[in-house]
Amino acid sequence: MTDKQSILNELENGVKSLQPEMAVEAARKAVMAGVSPVEAIENGLAKGIREVGEKFARKEMFVVELIYAASIMEEAIKVLEPALKASKEKRHSTGRFVLGTVAGDIHDIGKNLVRIMLEAGGFEVFDIGKDAPTENFVSKAKEIDASLVGASSLMTTTVDAQKDVVDALRNAGIKAPVMVGGAAASDEWAKEIGAIYASDAGSAVTVAKQLLGKEV
Ligand code: B1M
């Protein structure tokens, strides 16, 4: 097995077998070995947390274990974050992006990755946090004259709040394109509510740049 593959396996296993030392140490190894931080997250840590999510859904894991696995993933991401930010060096402002997780939803690991990648891509990101009331998307977009607004939702029970965000922005006369993402969103859903879908943090940057007519 290649070094890279064994590091990715350790990242995945550290999260899914609830071993923080393994995940954090593997993140350090990934940085030392020059493994792309995006790959370390997507093909390592995120694979582990999704497996935890599946076990949770099958009632093979408790919510405390889900919370613990998420905290392990966050610790390992902290180790990867400097490499992630350095992976793209453009520092001029590509656009002003309001980003949040919709009302009722406290999942923010994916949203935070989107923020990091957008910042690395040169966007000024105004992160309004998780469980963000719809009005906050509108007020922040007005305040900063946003070029784009992004709403993350991980749950089927909160995905409708993405539509609320689009509707509230349009009612307030704000024309900035709205990007939606997260496990509960899809391309079809985005089209239905007048938004644009991005499936992961990398494509969020590509899609955002395309929307603003910037070089990808
Ligand atoms: Co919970 N949770 N969770 N959870 N959790 C899910 C979403 C669930 C699918 C698990 C399951 O049952 N299989 C399920 C939802 C079911 C449904 O849809 N109805 C669920 C549930 C039920 C819950 C609770 C209700 C559990 C409970 O308390 N009984 C509760 C929710 C409370 C609430 O929000 N009000 C809850 C809580 C939690 C934790 C706090 C323990 C933790 C979150 C910690 C945190 O975020 N700080 C957690 C976790 C970790 C998950 C799973 C396992 C993993 C989510 C994650 O971080 N993935 C999740 C299962 C799953 O998603 N398969 C699950 C890794 C992350 C990198 O991926 O977030 O998809 P993701 O982000 C990606 C893309 O989606 C995309 O880019 C990211 C990076 O590539 N993306 C965007 C995300 N946002 C984007 C925005 C964009 C563009 C792209 O533009 C704006």
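These are my notes on the cobalt site, the largest pocket and one helix pair in a predicted model.

Entry 1, the metal. I looked up what holds the cobalt atom of the ligand on the protein side. I found a single protein donor, NE2 of H107, at 2.2 Å. I then placed H107 in the chain: the residue sits in the loop between β1 (96-102) and α5.

Entry 2, the pocket. I noted a volume of about 1200 Å³ for the largest pocket. I counted 38 lining residues, and the closest to the pocket centre are H107, D108, I109, G110 and L154. H107 is thus on my list twice, as the cobalt donor and as one of the residues closest to the centre of the pocket. I listed the elements that give two or more residues to the lining: the helices α3 (37-57), α4 (63-86), α5 (109-120) and α9 (201-211), and the strands β3 (148-152) and β4 (178-181). By class I have 23 nonpolar, eight polar and seven charged lining residues.

Entry 3, α3 and α4. Both helices contribute to the pocket lining, and I checked how they lie to each other. Their axes come within 10 Å and cross at roughly 175°. Angles over 145 degrees count as roughly antiparallel, so α3 and α4 are roughly antiparallel to each other. The contact residues of α3 include P37, I41, L45, I49 and F56, and those of α4 include V63, L66, M73, I77 and L84. I sorted the contact residues by class and got 19 nonpolar, one polar and no charged.

Key: Residues numbered from 1 in each chain as written. Predicted model: local features only at pLDDT ≥ 70, side-chain atom pairs only at ≥ 80, totals over all residues. Heavy atoms only, no water. 1 Å grid on protein atoms, 1.4 Å probe; cavity = no way out; pocket = protein on both sides within 12 Å on 5 of 7 lines; lining within 4 Å. Points joined across faces, edges and corners; volume = space filled by probe spheres on them. Helix = DSSP H or I, 4+ residues; strand = E, 2+ residues; numbered from the N terminus. Nonpolar A, V, L, I, M, F, W, Y, C, P; charged D, E, K, R; others polar. Donors = N, O, S within 2.8 Å, 3.2 Å for Na, K, Ca; no water. Axes fitted to C-alpha atoms, helices over the stretch in contact; angles between N-to-C directions. Parallel < 35°, antiparallel > 145°, perpendicular 65-115°, else oblique. Contact = heavy atoms within 4.5 Å.
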